[in-house]
Amino acid sequence: MTQERQPLLKVRDLNVVFGSRHHAVSAVAGVSFDIFPGETLGLVGESGCGKSTTGKALMRIVEPSSGTIELEGVDIASQSGRALRNIRTHMQMIFQDPISSLNPRRRVKDIVAEPLDCWKSVKGTERDVLISDLLNKVGIDPAVYGNRYARQFSGGQCQRISIARSLAMRPKLLICDEMVSALDVSVQAQILNLLEDLKHEYGLTLLFIAHDLAVVKNVSDRVAVMYLGKICEIGPGDSLYEAPAHPYTKFLLGAALEADPDSPMHSQVLEGEPPSPLNPPSGCRFRTRCPNATELCASEEPQPREIAPGHQVACHFPLTITRK
Amino acid sequence: MSENEKLLVVKDLVTTFATPGGPLPAVGGVSFDLDQNETLGIVGESGSGKTVLSRTIMGLQPRTNVTVSGSALLNGFEVVGASERAKRQIWGTDVAMVFQDPMTSLNPVMRIGKQIDESLRVRHGMSRSSAKHRAIELLELVGIPSPQQRYSAYPGQLSGGMRQRVVIAIALAGSPKLLMADEPTTGLDVTIQAQILNLLDELKERLKMSVILVTHDLGVVATRTSRIIVMYAGRIVEMGTTRDVFQDHRMPYTRALLESSPKVASPSHTRLVTIPGRPPNLLKLAAGCSFAPRCAYATDRCRQERPELQPAGDPGHLFACWNPLPTTRGATPQ
Amino acid sequence: MLRYVIRRLVMLLGIVFVISVGSFYLIHLLPGDPAVVILGTGATPQNKLILYKQLGLNRPIYEQYFTWIGNVLHGNMGTSFISQTSVASTIRAALPIDVELIVLSQILAFAAAIPLAMRSSRRPDGPLDRILGATSFTLLSVPSFIIIVLLVLFISIKLGIPHTGPSSYVTLSSDWIANLESLALPAFTLAIGSFVVYYRVLRSDLIATLQEEFITMARSKGISQRRIMWRHAFRPSSVALLGSAGVNIGGLLAGGFVVQYLLAIPGLGFTLINAINMSDYLLVQGIVLVVSVGVVLINFIFDFIINIVDPRISRE
Amino acid sequence: MNELLEEVSLVERPEKNKPLGILFWVCVGWVALNVFGAIFANVLPLQNPLFENFSAVNAGPGLHHLFGTDDLGRDIFSRVVYGSRVSIAVGVGAMLIGFGIGAPLGMLAAYRRGRFDMVLTTVMYILLAFPAIIATIAVLSFWAPRGLAKIILVIGLASVPLVYRVIRTATMSIATKDYIIAAKVQGATDRRILVKELLPNVTPIGVSFLLIGVATVITLEGALAFLGLSVNPPTPSWGNMINEARTVMAQNPWLVIFPSLALCLFLLCLNFIGDRLRSHFDVTEVKL
């Protein structure tokens, strides 16, 4: 027995390629990471960086073109049919658009019970009790709202129902894909707190995908930053935010807006826009916008390397780390 | 400063939609003013009426099923009650608008150059070639690379950030005195958002405009405005200098709004302050303070009697609350 | 764009090929001896023999097709056994009438539909919109044959207006005024059906477009209402209109027989019905081929126009 | 305006669905009455539609003959009721065939995608390019002898590609929704997703299109009757009644007016119900 914790989810060299041979877009290009039991990994990046595709590829909602996804040692990427359906119940996903993730023509109770009914694992009164309990847990009164149709609910409530549904099968891993970005701040805070409570109660492990740096930091133990299909930096949230090692992370953090009139104005703004994933730059994908880029960055792709315990960065010239 | 030097004076502005469910007061009596070359932030969650307010000030509310009362004096022109024809005279030249979603605010089947020089030719009578020349200048001004080629591109061929720059270029075509920016960066990535906000700041200084920045994101207004209006359920609940609103807010809603959004600077797993419940249904507004059902400090008076805006000591700082939070100014006098 | 056009052209050729095969083998799909079907009631053994020889009915079926398509491509669709006239020349005489009828009716339909749709979309649920909505909806449910019958009943019979009744067709080249008079009634009838479709499609699209943010944007530039309607709202709203126009014009070519038959206008539809009644198989086959190819071509052309009007489509 | 309203009132999402309204139910009633008449024409106290009463030829509407009689003394009212049988049978029968084949294929293709969808859709689009009316006429005219069943079959088969396209488009817009992905993720089988998630959402679109389709087919049947390609006289159908009456309409306009009215009213009601359902279920315009 080794002392080291075994990861719950182990992703190695995940690739997702969209489109035909001539118009191949590599949306996810060789992504590797671990998620340990009970932790929350935040996945942050700008639109089109492949963070959502990564999440969907883990669930096989989009097909990975290569790589392995091991959940407790079982490779999801090689499963099919009933086995795949079965293993998916150990992982669940919550989507960005709360309204379109619920069938408008079904009742709330049936929506939450759907996973149970699919597997016929729990039936009769036991099922009803379980559903009522789940709805209570997410703050929806089952007696009042259980028989309503999903189309009558607001975004925040829909997201609560989605959470209840995803917990019905007691999953080990919950993938949250931009789950609060469509919500108002006050509702967002409610949902984030709820998620935190349920995480402890159900012993969940989370992959939290979002573009909002503050939200990601709030919920995550570790944070991975993606740019153009690759992870450029991954590390413990607090230290990564305090001392980013990858220039892109630094720019990203610099661009984040703080609700504080005394916070510095954006003096250093990242110029230009991300290049097209149809035709990514050679070497380091960030080099076209990076102020520190050299010849080496163009010719050789930087491999992730550990600069502090649990803190990896894929950059030839990581920024100097000043530790307290 | 006397009233006629103000660029915009809004008094008791009310915008009501006629809906199948009854009259819906989207903006319920708003008064404020705006100086020349000032940047004002209007902050609120969805449903607060901030977007409707910004459109009503311009006279751009929908033309059917809407009634507007009160007054909005824009550069000496009374917008409320003015005919579409009369308002056309101020649109583009006195006030111009930057919209929330650059995907939908550009005509998808019209080349972007044509969209920029349209008002130059139609409104300002420029010739085809000089309008084109000016349009390319404007594209350059808003930081679009190779403007010559971009002139004949369709909006679909540009990224979101570039499109928002085009929208800004269109707004600038008539050299407006007031730029109304309604959630100008909401759909954009953080790095692009920073670019656009910096651009707006820079243009404001260069072209001596006033800017109204309408947003749900307190981060957007924190460092870029001189004053802020906080809206809730169609009304102003607090208004003051940016520093007053952020650091000496008196209205509990303002505080709740500030504290419920996660901060980059605070450590992971910080418990967020939440506002219980949801924003009120504007069709069924109760008599008292709209925020009372969600407010921790609410008393019977709050539920029965609506608080009006009252001064809070510092000049220009107003709030609408019966049980305001204590001021922080007394502790650290300036 | 070019790639798209080439792809569509290849598809077009494919469809035309399938149509030609379909028209050719129509006869083999039907039960019974092809010769009997073709010759109809006048099937003497001698005629049968000539037919077998001409069509090569005893040769392999694919060879028959290539012989036939070769002839068709040279403008030879055979000679009718019933009327002893060339099928191609019969079609050449009839087709211009269809074209003229379609052009006239479309001019009328668009001239009415576009301005009215623009008016009513500016105030949805306003008085004009309600009246036009109810009218167009009612007209939508009145088949063209009933319109014709009622028009003939009231205009020609009750009012006794000349030149609008059946069997008065005059060719364009002989007397263009009389020609227009004789086509007024059928063109008007076809225009009603087209108008209803165009008005409804354009109105609902315009209402949707006018709610778009870019219209508010255009308003905020201070340009006139007329310019907003024509320059900003009309073009993005016309995709569905053009699509339905393509389908509708194709439908008029294929389904024009009712009106032509009722008013004795000797276009393709009228000729087709006569050919069916006479069991003139070769003529039916020729018309089916020409009309089908015509419909496909019309759809192709409209697809192409839609692509020019809305650059978003070909990019996708 | 809608966006603004959504912004200000999204608190409790309002029911977007318009109420169906009285007119809708009047139309449903009228259609039901027609269908009832068509089914029970034999049982109802109607005069024999084929009985030629030469003592009452070309009678106007009156007590004995509600709608009058034709030039052979046949009762028009009973002929109109009997005539509805052919129209309704053709309309409903053909659409049942069309939907029976086209709808499951369309749903399956849209849900499965991939090669299955590609092949099927290509075939259907080629068939769609072939003008259905011309094909129907050509087949009906040379495929003797004519009969109701054959007409239903030919029109039904000709409508399959159209139904396929409508249902496929409708299903595709639903199949990409997150709740379908969510169902997959929960381990639902394909069959369960098709039945529990897709079908309830496709049905409203299907039903409204079905009604409008029935109206279209009835119109087509009328046109075929004019060409003598529908059921053979003396069996009455709305189409051939109008057609036969044309020659004598100068003398007896009722002969044309009553069957025309019956036909138009029925079509109007069908179209109205279909249209109202479409807006009620918030279905974006599906073009015929």
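**Figure 1. Chain D of the predicted model, in which 55% of the 288 residues count as buried.** The model is predicted, not experimental. Chain D holds ten helices and zero strands. Read from the N terminus, its elements follow the order α-α-α-α-α-α-α-α-α-α. Taking the contacts in chain D between residues at least 6 apart in sequence, 71% join residues at least 24 apart. The accessible surface of this chain is about 12,400 Å², and carbon and sulfur atoms account for 69% of that area.

**Figure 2. The second largest pocket, with a volume of about 730 Å³.** The pocket is lined by 22 residues, of which A:Arg60, A:Ile61, D:Tyr111, D:Arg112 and D:Lys184 are the closest to its centre. Four helices each supply at least two residues of the lining: helix H2 (81-88) of chain A, and helix H3 (76-112), helix H6 (148-175) and helix H7 (178-185) of chain D. H2 of chain A gives the most, with four residues. By residue class, the lining is made up of ten nonpolar, four polar and eight charged residues.

**Figure 3. Helix H7 of chain B, residues 190-207.** At 1.5 Å a residue, the 18 residues of this helix should span 26 Å, and the end C-alpha atoms are 25 Å apart, so the expected and computed spans agree. Buried positions in the N-terminal stretch of H7(B) include B:Val190, B:Thr191, B:Ile192, B:Gln193, B:Ala194, B:Gln195, B:Ile196 and B:Leu197. Also buried are B:Leu199, B:Leu200, B:Leu203 and B:Lys204. Just after the helix, B:Lys208 adopts a positive phi of about 55°.

**Figure 4. Surroundings of B:Ala233, a residue in the loop between strand S9 (227-232) and strand S10 (235-241) of chain B.** The relative accessible area of B:Ala233 is 6%, and the residue therefore counts as buried, the cut-off being under 20%. Apart from neighbours within four places in sequence, B:Ala233 is in contact with B:Gly47, B:Ser48, B:Pro280, B:Leu282, B:Leu285 and B:Ser290. B:Gly49 lies 184 residues away from B:Ala233 along the chain, while the C-alpha atoms of these two residues are separated by 6.6 Å.

Terms used. Residues numbered from 1 in each chain as written. Chains lettered and ligands numbered in written order. Predicted model: local features only at pLDDT ≥ 70, side-chain atom pairs only at ≥ 80, totals over all residues. Heavy atoms only, no water. 1 Å grid on protein atoms, 1.4 Å probe; cavity = no way out; pocket = protein on both sides within 12 Å on 5 of 7 lines; lining within 4 Å. Points joined across faces, edges and corners; volume = space filled by probe spheres on them. Nonpolar A, V, L, I, M, F, W, Y, C, P; charged D, E, K, R; others polar. Expected span 1.5 Å × (residues − 1). Buried < 20%, exposed > 50% of the residue type's maximum accessible area, 1.4 Å probe, protein only. Contact = heavy atoms within 4.5 Å. Areas by Shrake-Rupley, 256 points an atom, 1.4 Å probe, with all protein chains shown as cover.
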